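Hi everyone, thanks for coming along. I'd like to walk you through one structure today, so let's bring it up on the screen.

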Amino acid sequence: MTNKASLLRRTAAELIGTASLLVVVIGSGIQAEALSHDTGVALVANSLASAIGLGLIITLFGPLSGAHLNPVVTLTAWWARRAGGEGLDAREAFAYAAAQTAGAIGGAVLAETMFGRTPGTFSTQVRGGGHLLIGEIVATAGLVLVIQGLGRIGRPRLVPAAVAAYIAAAIWFTSSGSFANPAGTIGRAFSDSFTGIAPQSLPGFVAAQLIGGVLGLALATLLYGRELHGAEAEPASGSPEEREVPVADMPRTGAAFEAVV
């Protein structure tokens, strides 16, 4: 499958999609913190809003750019291309990652402005400690495994719901809160709020996310082998109509459909 949209349109989709994701994540965090002094209640509200928003964004932008929203996911698509599958070349991958990072920063500034806060203020919330970095490795590896696994078994249509559900769960079961996205992590440094992260914590988190991405890709290859193509991928059902997936409904990815926070 090949996405026919120009690189400009695809990078615009990645920028706008990632900005939208950061508005949802940070905005819901600010709102939840303002409405409840109970951290658990605030986290429930933030995780639900983030998961719902992510699923909608993937559904909307997936047919255009693949809705990576995440440099780690983009790197897996670049690796898939190098391995002989569908994905991105180096120029496309760089453009995607740059757009995602710019979008994440823009989304953070917009969220802060929308709630009457001073935009561009760096977070003071230090997130340090080896246990948090392990949490980020686990969160990112799981995200990549979900995306790659569904693509390799021929179930890309499940990705929006599956990724949203995974992120909602990972926010709770990982010690780090599942940032799992280098661009999103950088963007959240520009918000001194419930979901923020201090700039000095960025290097460790980003490094852990990259390690997690490699681990997730390795696990997907170990469990499912190389990605499936065309007739090799199992259709969602036996009907002829469901075997044929229009290009608009099947965005290209390292496995089939990418996303993520």
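Let's start with one helix: how many residues does α8 have, and how far does α8 reach from its first C-alpha to its last? It has 23 residues and spans 32 Å, close to the 33 Å expected at 1.5 Å a residue. Please keep in mind that this is a predicted model.

Now a step back to the whole protein. There are 9 helices and 0 strands, so if you read along the sequence you simply get α-α-α-α-α-α-α-α-α. Of the 261 residues, 52% count as buried. The exposed surface comes to about 11,200 Å², with carbon and sulfur atoms supplying 68% of it. Among contacts between residues at least 6 apart in sequence, 82% join residues at least 24 apart.

Back to α8, then. Which of its residues are buried? They are L202, F205, A208, Q209, G212, G213, G216, L217 and A220. Here's a reminder that helps with that list: an α-helix has 3.6 residues a turn, so residues three or four places apart point the same way. And what covers these buried residues? The cover includes α3 (71-82), α5 and α7 (182-188).

Let me finish with one of those partners. Helix α5, residues 130-152, packs against α8, residues 202-224, at an angle of about 35°, and their axes are 7 Å apart. The crossing is right-handed. By class, this contact has 15 nonpolar, 9 polar and 2 charged residues.

One last detail for anyone following the chain: after α8 comes G225, and its phi is positive, near 75°.

Note on methods
Residues are numbered from 1 along each chain as its sequence is written. This is a predicted model: local features need pLDDT of at least 70, side-chain atom pairs count only at pLDDT 80 or more; totals for chains, interfaces and linings use all residues. Side-chain values use heavy atoms; hydrogens and water are left out. Axes are lines fitted to C-alpha atoms, for helices over the stretch in contact, and angles run from 0 to 180 degrees between N-to-C directions. Helices (H or I, at least four residues) and strands (E, at least two) are DSSP runs, numbered from the N terminus. A crossing is left-handed if the near helix is turned anticlockwise from the far one by less than a right angle, and right-handed if clockwise. Ala, Val, Leu, Ile, Met, Phe, Trp, Tyr, Cys and Pro count as nonpolar, Asp, Glu, Lys and Arg as charged, and the others, Gly among them, as polar. Buried means under 20% relative accessible area, exposed over 50%, partly exposed in between (1.4 Å probe, protein chains only). Contact means heavy atoms within 4.5 Å. Accessible areas come from the Shrake-Rupley method with a 1.4 Å probe; for residues, only the protein chains shown count as cover. The expected span of a helix is 1.5 Å times one less than its number of residues.
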